[in-house]
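Grab your viewer and work through the exercises below. Each one comes with a worked solution, so try it on your own before reading on.

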Amino acid sequence: MSSTTPLLDVSGLTKHFPIKGGFPIRRTVGAVQAVDGLDFQVAEGESLGLVGESGCGKSTTGRLITRLLEPTAGKVSYRGQDITHASRKELAPIRSEIQMIFQDPYASLNPRHTVGKIISGPMEINDVNPPGGRENRVRELLEIVGLNPEHYNRFPHEFSGGQRQRIGVARALALEPKLIVADEPVSALDVSIQAQVVNLLQKVQKELGIAFVFIAHDLAIVRHFSQRVAVMYLGKIVEIADREDLYDNPRHPYTRALLSAVPEATVDAAPRERIRLVGDVPSPINPPSGCRFRTRCWKATEKCATEAPPLVQADGNKPGHLTACHYPEMRDTVPAPRLSKDPEAAA
Amino acid sequence: MFRFLVRRVLGAVITLFIISAITFMLFYAVPRDPARMACGKLCTPETLQLIRHNMGIDEALPVQYWHWITGIFLGREYPGFGHCNAPCLGYSFVNREPVLSTIADRFPTTVSLALGSAVVFLIFGIGAGMLAAVKQGKALDKIASSASLIASSMQIYFVGPLALYFLVYQFHILDQPSYNGFLDDPLSWANGLLVPWLVLALIWTANYTRMTRSQLVETLTEDYVRTARAKGMSRRNVFFRFAWRGAMAPIITIFGIDLGTLLGGAMITEYTFSLQGIGLLSVKSVQTNDLPMLLGIMVITSSFVVIANIVVDAIYGLIDPRIRLA
Amino acid sequence: MTSTDQQPFLSVKDLKVHFSTEDGVVKAVDGLSFDLMRGKTLGIVGESGSGKSVTNLTILGLHNPDSTSVEGSIELDGQELNGAPEKTLEHLRGNKMAMIFQDALASLSPYHTIGAQIGEVYRKHKGASKKEARERAVEMLRRVGIPQPESRVDNYPHEFSGGMRQRAMIAMALVCDPELLIADEPTTALDVTVQAQIMDLLKDLQREFGTAIIFITHDLGVIADIADEVLVMYGGRCVERGTKKEVLSSPRHPYTWGLLSSMPSLDGPVDVPLNPIPGSPPSLLNPPSGCRFHPRCAFAEKVDGNRCAKESPVLEITNGRGSACHLTDEQRTEYLADLTAAKHH
C-alpha cells in the first residue's frame, strides 16, 4: 500500500436503519444494522470488489460512499476531505468525481429523455461546459462505450439491455470521474452480454485510470474485475485481500464456503470440495453476538460468541490480507483449487 | 388489531378537533355577522349585544371554541335556551332548533341513500367487472366496457330528471322519491328511494365495473395465478380463490373513500329528488351563516368519513396478511 | 429408475409455439424435439428470448390458448398432451407433472398460508381431507428441510426467507410425487450458498423418487452441477444437444463456445479481456434468416457461399448428440485445437 493519501478512505462506517414501533406512541424501537463498522481504502485507479450475499450490506455501502445515504457513524474521506456529513453545497464539487452505475438498465434511465439528454444530464446539473460543447462530448462518450454516436437522439427503449447499460456507463463517465461505484452492473444482463459490459468497464478503468468500487454477488466476475476484494457478511467485512490471496488462500470460513458454492461450468474428474452452509443468514435487526458468522460456522466456539474478531492480518497472511476470524483456515487445509480444466473445454 | 384500533381512533379524534377548529376559524373569516343579520332592521347596539350574548359569540374566539368543545362532552348553559345536555352541538342561529336533533332528523335520509345505492352499485359494478374480466377481449367484455364508459360520463342532473320523467311521471313504474322511516315501514322506505338508488348506482356502477375488470385482469397475470394453474387448479377455481382476493383490496380502498363522499351528503341528488338530507341542509346553513349547524354537520359527516377509513384499513388487513395492523 | 426402460418418459417432437401479437407473429419456439428418460435431468440452457421458458409452459398447457398456436407433439408417458382437453391437463398438472418457478415470492399466493397452498394440491389430486392434506404439507416441509415444519406450515410466504420460499415451492411441486418436474430457473434469484443447498435438495429428491427433471437455466455452472443431458437453445431453436460431458467438454456449436468463453472462472486469467459474444439476442418477431445465430457468429464467414445467412442448418442427432451448424468437423477440430493452444500460452 502506498503511503500517499488513498482516494477513498472509509473508517468505522456504520448505517443503522431505525425501526418504528411501540404503543401507543410510535417511536424507534430497534435498528436494522445494515452496515456496521467498515474500514477500507480505495487507491487511485484501483478496483475494489465488494462481494457478499443479499442483505450483507454491500449495496448500502455503495450508497453511503456516494452519500445517497447519510452514515449513522464512522467517516468517509475523499482525497483526505471528510465528506461524511458534508452538506449538499460542500458535496457539489465531489459529486462530479464520484459516479454511480446501477443494476437495472431499464429502471435507471428516464424513458422520456433522449440518450443525448441522459448523458449530458450530469454536465448540465454541474454546469460543465467541455471544449467543443456538450453534444460533442456526448458523441465522444457514446463512441467510448461502443455505441453509435448517431444514436444521440434515440430513446432508451430503442436499445437492448446491454446497450442501455452502456448508456449508464457513458452517463457515469460524462464528468470525468475519479471513482465509480458500480452496484451489480451486469447481473441483470444476459450471459452473452455480461462479458461485453465487463470488458467495457475494464477498458474504462485501465485507460481512464478510474477507481472502482465494484459491488456484485458473482465471485468470478469480481475476481476478473477487481484487484482487491472485500467479502461482507451481515454488515461487516469478514475478509479483505488482493484477489490472488483471497481466492487462492481464503482464511475466513465464510469466504471459503462462498467460494466452494460457486458452480463452475466444467465437468470435473475430481469433484471440488463443497462446504454447505446450513440455515439462513440471521436477521440484521438482532445479529448474533461476537462473530456474526458463528451461528453457521462449523468451527465456532464459546469465544466466537463473546468476542467479535477484529479484522487483522492473521498469522500466515500476506500484508494487506486481513481476516476477521478467531480460527482462520489454514492454507494446507484448503483443498487445492481446481487448476486444470478438461483440456478440451473451450474456456 | 386492538392496538391498531386504539391508535387509529385516537388519531381520528385529533383529526376531528382540527377539522372543527378550522371550520370555526374560517367562519369568522367571512365578513358577515350572524348577530347583525338576526337583529333585523331596527337594531340598537344593546339588542345587538344581547343577541351576540345569546348566540354565544360575544367572547374571544378560543373561548367560544372551548365552550363548543366542552358542550359536546359535558353539555352547556345557553343564555337564551337553558341547559343543553351533552352531547351538545348548540342551537341553530336561524331557527333556534337544537343542531343535534335537526341533523338526527336529516341523517337517515342521507345514510339510506348512500348505503342503498352502494349495495346496488357494488353488486352490479363488481359483477359486471368480473364478467368482463372472465370474458376478456370477447364481445361481452367490450359491451360491458363501453357501457361503463358511457354511464360514467353521465351526470345526476341529467339522468335524474330523465329517470323521474320516464319512470315516475310518464309510465308510473316506480314511486315518487320520498323518505319514509325504515323502522316504520321498510317496504315504503325502499319504494321511496328506489329511483334515486338506481340513478346514483347507474353512475357509480361504471367506476366499479372498470376498476374490478382492470384489477382482475392484472391479478390474473400474476405469477401466483400461473402457479395455481400449474398445480392443476381449474380456471374457475383460480379465479375465485386467488384472483378475486388480489383484486378486492384496492376496490375496498376506493369504496371507503366513495362511501365517505356519499355520506357527506349528495347535494345534487337530494336536490334533484327533493329529499331532505344532510347535503341540502349544509347548503342552506352556508347560505344563512348558521355556524352551529355547519359545525355540527362537519363533525358528524367527517366522523363518518374517518370511521369508514378505519374500517377499510381494518378490512384491508384481514384480506392481505402482508399488511400488519399496528 | 430402470435403465432398461427404453421408452422416453417425455417426448417432444417438432414443437412450434407461435404467438400472435399486435406487431406480428412471434415464433417463440420453432421446431424443437427432445426426449427425456425417467429419473434423468435435462438441462435447457438459453438466454432471454431463447424460448426455453415458453417450451415448458407449453408442455404444461399453460399458454394462452386464444393467442398461441402450438404445433407438434408432446407425449408424456405415451399420452399426447398437445390438444388434450383441459380437464385431462388439469388432472396431470401438479399430479404427474409439476413446475417450480424462478421468483418464489411472486409465485406463491400472498393471501394463503404455505400449508394451505401445499395441501390444496394434495386435496385436489388425491382427494385427501383437510386434516390429511395438512399432515402431508408438514411432512413435505420437513422433507425439503424447513425447520419446525409444524409451526411453519401456518406461515405466509412473506414470513419465509428466499431460500425457504424456494424450498416451499419444491415441497408444493412434489406433494403428489410427480414423475416430471420442470424447474424454470429455480435458483437464479438465490444467493450462491442457498443455490447450492437447493440443488443438493433437488438431486436428493430425484434419487429418492426417480423424478424426471427439466432444469432451465442460463448458468452453465448450474448445468454442470445438475444435468445429465444438455440442450442449448437459441432464438427458439435447439442449436446443440448432448450429454453434459459432451456439451461442456467438447462443445460443437459456436454459440455454446461463446457462452463458455464469455464467462470468467474462479481460476482463469484476470488481466485479459473476456471473449463476449457480440451483438444481442435476436428478435423472435423478425428472426434472422438462415441460422439464427449467424449475425453474431464469428465463424459464419468460414462457411462457403454465405450459407449461414441463407440456409437454416439441420439439427442431426445421433446417439443423443448433435448440433445445428454448417461448420465441418474439421473446422471445429481446428478451432478447438487453436483454443487449447492459446490456453497453454
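Two residues are in contact if their C-beta atoms, placed from the backbone, lie within 7 Å. This is a predicted model, so local features need pLDDT of at least 70 and side-chain atom pairs pLDDT 80 or more, while totals for chains, interfaces and linings use all residues. Residues count from 1 along each chain as its sequence is written, with chains lettered from A and ligands numbered from 1 in the order written.

**Exercise 1.** Work out how many residues chain C and chain B each put into their contact.

- Step 1: chain C supplies 22 residues and chain B 17 residues.
- Step 2: sort the chain C side by type; you get 11 nonpolar, 7 polar and 4 charged. Here Ala, Val, Leu, Ile, Met, Phe, Trp, Tyr, Cys and Pro are nonpolar, Asp, Glu, Lys and Arg charged, and the others, Gly among them, polar.

**Exercise 2.** Find the residues outside its own sequence neighbourhood that Ala168(C) touches.

- Solution: skip anything up to four places away in sequence, and you're left with Leu108(C), Ile114(C), Leu141(C), Ile146(C) and Phe160(C).

**Exercise 3.** Split chain B into domains and say how far apart their centres lie.

- Step 1: domain 1 of chain B covers 34-88, and domain 2 covers 102-319. These bounds come from an automatic or database domain assignment.
- Step 2: compare the C-alpha centres of domain 1 and domain 2 of chain B, and you get 40 Å.
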